[in-house]
Amino acid sequence: MAKQYPVTHTDAEWKSLLTPEQFTIMRQHGTEMPGSCALLHEKRAGAFRCAACDQPLFESTLKFESGTGWPSFNDPLPGAVESDTDTSHGMMRDEVHCSRCGSHLGHVFEDGPPPTGLRYCINGVALKFEPK
């Protein structure tokens with residue numbers, strides 16, 4: 001049985017709420033082209049929120065330049081994301097999704113800087129930025 005999230009919509013409703021690229025990435029587990037999102041270069045103080053349900057996910061203070069072409073963070077806000085094992089593309093990775101709506105955000109890897117050693121590699125179009 002699939003997990004039930006606090007925010008749910010039909011595919012038709014998601015398609016009306018998201019851009020085609022956001023729908024492909026967030027609801028069909030796609031990936032944007034590296035370096036293609038303006039949020040990769042966002043450096044202002046603020047919060048990165050889920051583009052689908054507006055839940056705060058990451059604080060700008062935990063964003064870092066990973067050189068991968070996707071926004072990267074050390075740690076999410078408490079309870080904001082969940083992870084599942086992703087075995088697509090012939091590898092095993094930890095997929096990250098929004099805990100409120102279940103939308104695919106990206107993946108988490110154990111090659112980040114201190115203090116966590118984690119790199120939450122997030123699709124920029126799955127985020128919206130709210131400056132402080």
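User: In this predicted model, where is the place of D54?

Analyst: In the predicted model, β1 and β2 form a hairpin with five residues between the strands, and D54 is the residue there that takes a positive phi near 75°. The place of D54 is accordingly described by the two flanking strands, namely the loop between β1 and β2.

User: Is D54 buried, partly exposed or exposed?

Analyst: A residue counts as buried under 20% relative accessible area and as exposed over 50%, with partly exposed in between. D54, which has a positive phi of about 75° although it is not a glycine, has a relative accessibility of 30%, and therefore it counts as partly exposed.

User: In what sense do β1 and β2 pair, and over how many bridges?

Analyst: Strand β1 covers residues 46-50 and strand β2 covers residues 56-59. One of the residue pairs is that of A47 with its bridge partner in β2, E59. The pairing of the two strands is antiparallel, and the number of bridges is three.

User: Which residue in β9 stands opposite C50?

Analyst: Besides β2, with which β1 pairs over three bridges, β1 also pairs in the antiparallel sense with strand β9, residues 127-131, over five bridges. As for cover, five of the five residues of β1 are buried. Within the pairing with β9, the residue that stands opposite C50 is L127.

User: Where is H29 found, and does it count as buried, partly exposed or exposed?

Analyst: H29 is found in the loop between α2, residues 20-28, and β1. Its phi is near 65°, a positive value in a residue other than glycine. With a relative accessibility of 46%, H29 falls in the class between the two cut-offs of 20% and 50%, so it counts as partly exposed.

User: Which strands are the edge strands of the open sheet of six strands?

Analyst: The open sheet has the order β3-β4-β8-β7-β6-β5, with antiparallel pairing. An edge strand here is one that pairs on one side only, and this holds for β3, residues 63-64, and for β5, residues 81-86. The edge strands are thus named from the two ends of the order: β3 and β5.

User: What is the bridge partner of E95 in β7?

Analyst: Strand β6, residues 93-98, is joined to β7 by four bridges, and the two strands run antiparallel. In this pairing, the residue in β7 that is the bridge partner of E95 is H107.

User: Which two residues are joined by a cis peptide bond?

Analyst: The loop between β7, residues 104-109, and β8, residues 119-122, is where P115 is found. The peptide bond in question has an omega of about 10°, and the residues that it joins in cis are P114 and P115.

User: Leaving aside its neighbours within four places in sequence, with which residues is G112 in contact?

Analyst: G112 also has its place in the loop between β7 and β8. Between G112 and S88, which are 24 residues apart in sequence, the C-alpha to C-alpha distance is 22 Å. Once neighbours within four places in sequence are left aside, the residues in contact with G112 are F64, G117, L118 and R119.

User: How many helices and strands are there in the protein, and why is it as compact as a globular protein of that length?

Analyst: The protein has two helices and nine strands, and from the N terminus on its elements run α-α-β-β-β-β-β-β-β-β-β. The globule rule gives 14 Å for 132 residues, and the protein is as compact as a globular protein of that length because its radius of gyration is close to this value, at 14 Å.

User: What percentage of the 132 residues is buried?

Analyst: Along its principal axes the C-alpha trace spans about 40 × 35 × 30 Å, and the protein exposes about 7,200 Å², of which carbon and sulfur atoms supply 53%. Among the contacts with a separation of 6 or more, residues 24 or more positions apart account for 55%. Of the 132 residues in the protein, the buried ones make up 47%.

Methods
Residues are numbered from 1 along each chain as its sequence is written. This is a predicted model: local features need pLDDT of at least 70, side-chain atom pairs count only at pLDDT 80 or more; totals for chains, interfaces and linings use all residues. Side-chain values use heavy atoms; hydrogens and water are left out. The radius of gyration is taken over C-alpha atoms; the globule rule is 2.2 Å times the number of residues to the power 0.38. Buried means under 20% relative accessible area, exposed over 50%, partly exposed in between (1.4 Å probe, protein chains only). Contact means heavy atoms within 4.5 Å. Accessible areas come from the Shrake-Rupley method with a 1.4 Å probe; for residues, only the protein chains shown count as cover. Two strands pair if DSSP finds at least two bridges between them.
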